[in-house]
Amino acid sequence: MRLTDDQRAFRDDLRAYLEDEIDPVVDELDRNGPMVRDELEGYLDDLASLGIGFAPDTVDRYFGDVRRFAIASEEISRVWPSLNVALQMSSPSLFVRFAADETRRALLPKLENNRCIGCLAVTEPDGGSDTARPNTVARRDGDEFVLDGEKVWVGNAGIADVALVVARDESADARDLFLVDRENATYETEAMDTLGWKGVPNGRVILDDVRIPVENRFSTIFSEAIAEGYDVHEIVPFPEGVSQLFLEHTPLNVTFSFMRTGMAFMAVGIMRAAFEDALEYARDRETFGDPIGKHQLVQEKLYDVRAAIEASRGLARSAAEALVDGDPDARLLSSLAKGYACERSIEATGDALQVLGAAGLDPENRMERYYRDARVMTIPDGTTEIQKLIVGKELTGLSAY
């Protein structure tokens with residue numbers, strides 16, 4: 001993936017910010033657990049100054065340029081994956097601009113001031129990877145929808161201003177997305193802990209008779225915006241090629257294709273961090289009078305980690321280019337990249353940890369965090385098993401689930 005001068009300057013500026021401001025304190029940040037709202041807002045302000053975020057003055061540069069999005073995913077995740085996850089989970093705030101009047105009145109000022117935090121509520125306690133048949137229901141009642149159900153493992157759940165909820169629209173007997181703003185519709189949340197990504201405020205979302213305007217159904221948001229003369233790119237500010245995919249696939253599948261490509265680059269970032277630490281350790285640590293990097297089996301570990309990085313980055317770049325081009329294979333390649341890179345990140349961080357030996361087991365050592373964060377990667381946004389079935393369906397035209 002060749003970068004323009006602008007994209008290269010963006011990468012260098014972001015890398016400098018992360019190394020100067022986040023890296024020196026990231027260990028303490030991660031140990032302290034989930035970010036509170038004020039903390040995340042501070043980071044969002046910093047990132048906005050670099051052209052990253054969902055406010056109107058940054059979103060076209062961030063989501064509108066797949067390469068910049070990929071750079072941000074990899075570079076942020078190399079230092080603190082939790083920050084990247086919390087950032088990306090705010091994407092539903094995009095749709096506030098086209099929502100019902102009451103939602104716009106409540107949240108547009110926050111969005112314009114880079115203070116609107118979002119979350120995506122997909123997974124259910126009894127549904128797991130089955131997102132096509134949600135148990136959460138949306139029942140039409142006059143000029144409102146009434147939502148009932150429960151979602152789990154929702155990033156930003158407890159601090160979000162707006163949630164994009166996957167539910168079954170009973171009136172159409174079909175899956176749809178529903179925008180719930182917490183200024184006008186209250187839902188309960190409960191914190192949930194995870195093995196890795198400790199900085200993300202993960203949680204359970206409980207929807208009990210939650211009422212929203214009919215205009216906040218995503219299919220309605222989309223169709224009414226089109227009727228008002230907006231093009232797809234203005235509604236969903238992805239690049240033109242990605243926006244076109246919205247006309248060919250369901251919104252959730254296109255969104256997942258984009259996010260899964262980001263997840264592949266996240267995995268590369270985590271592997272890079274582990275590789276850099278293992279390489280430094282191999283050069284400095286001595287046994288039997290020589291640096292351990294001189295030993296053949298240590299060099300083999302380093303080879304395996306570097307190979308995993310390069311192969312995973314190559315697949316991730318292929319997925320990114322397919323999105324840019326609006327390639328029909330974009331969904332296949334994003335799932336292939338996500339599944340492959342995330343699995344490799346577990347193996348690569350394990351190999352890097354092995355280079356450190358007992359030192360890698362020390363909770364004060366970053367390698368332990370890299371390993372935990374990598375282990376989480378194979379589950380959110382669709383497990384590796386689901387990615388394999390998506391690729392299988394794209395290849396054969398036959399669905400195995």
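**Exercise 1. Find the residue just after helix α8 that takes a positive phi, and describe how that helix is covered.**

Solution. Just after α8, the backbone at Gly-229 adopts a positive phi of about 105°. The model is a predicted one, in which local features need pLDDT of at least 70 and side-chain atom pairs count only at pLDDT 80 or more, while totals for chains, interfaces and linings use all residues. Residues are numbered from 1 along each chain as its sequence is written, and side-chain values use heavy atoms, with hydrogens and water left out.

Helix α8 spans residues 218–227, where helices (H or I, at least four residues) and strands (E, at least two) are DSSP runs numbered from the N terminus. Its buried residues are Phe-218, Thr-220, Ile-221, Phe-222 and Ala-225; buried means under 20% relative accessible area, exposed over 50%, and partly exposed in between, with a 1.4 Å probe and protein chains only. The cover over these buried residues includes β5 (174–181), α9 (232–235) and α11 (251–284).

**Exercise 2. Determine where Trp-197 and Asp-381 lie, and whether each is buried or exposed.**

Solution. Most residues other than glycine have a negative phi. Trp-197, although not a glycine, has a positive phi of about 50°; Trp-197 sits in the loop between β6 (188–191) and β7 (202–213), and counts as buried because its relative accessibility is 5%.

For Asp-381, phi is again positive, near 60°. Asp-381 belongs to the loop between α14 and α15, and its relative accessibility of 17% makes it buried.

The loop between α14 and α15 (384–396) also holds Thr-378, which is buried at a relative accessible area of 6%. When neighbours within four places in sequence are set aside, Thr-378 is in contact (heavy atoms within 4.5 Å) with Lys-338, Cys-342, Glu-343, Ile-346, Thr-383 and Thr-384.

**Exercise 3. State how many salt bridges the whole structure has, and examine the pairs of Asp-5, Glu-364 and Glu-276.**

Solution. A search of the whole structure gives 37 salt bridges, each being a side-chain nitrogen of Lys or Arg within 4 Å of a carboxyl oxygen of Asp or Glu.

- Asp-5 pairs with Arg-8, with the closest N and O atoms 3.2 Å apart. The two residues are separated by about one helical turn, because they stand three residues apart in helix α1 (residues 5–22). Asp-5 is exposed at 64% relative accessibility, whereas Arg-8 is partly exposed at 33%.
- Glu-364 pairs with Arg-31, the closest N and O atoms being 3.6 Å apart. This pair links distant parts of the chain, 333 residues apart, with Glu-364 in the loop between α13 (330–356) and α14 (366–376) and Arg-31 in helix α2 (residues 26–31). Glu-364 counts as exposed, at 55% relative accessibility.
- Glu-276 and Arg-78 meet through their side chains at 3.1 Å, N to O. Glu-276 lies in helix α11 and Arg-78 in helix α5 (residues 66–79), so the pair ties together parts that are 198 residues apart in sequence. Glu-276 is partly exposed, with a relative accessible area of 32%, while Arg-78 is buried, at 16%.

**Exercise 4. Place the pair Glu-276 and Arg-78 in its wider network of salt bridges.**

Solution. Glu-276 and Arg-78 belong to a network of salt bridges. Among the other residues linked in this network are Arg-15, Glu-19, Glu-74, Glu-75 and Arg-272, and the network also includes Arg-306, Glu-310 and Arg-313.
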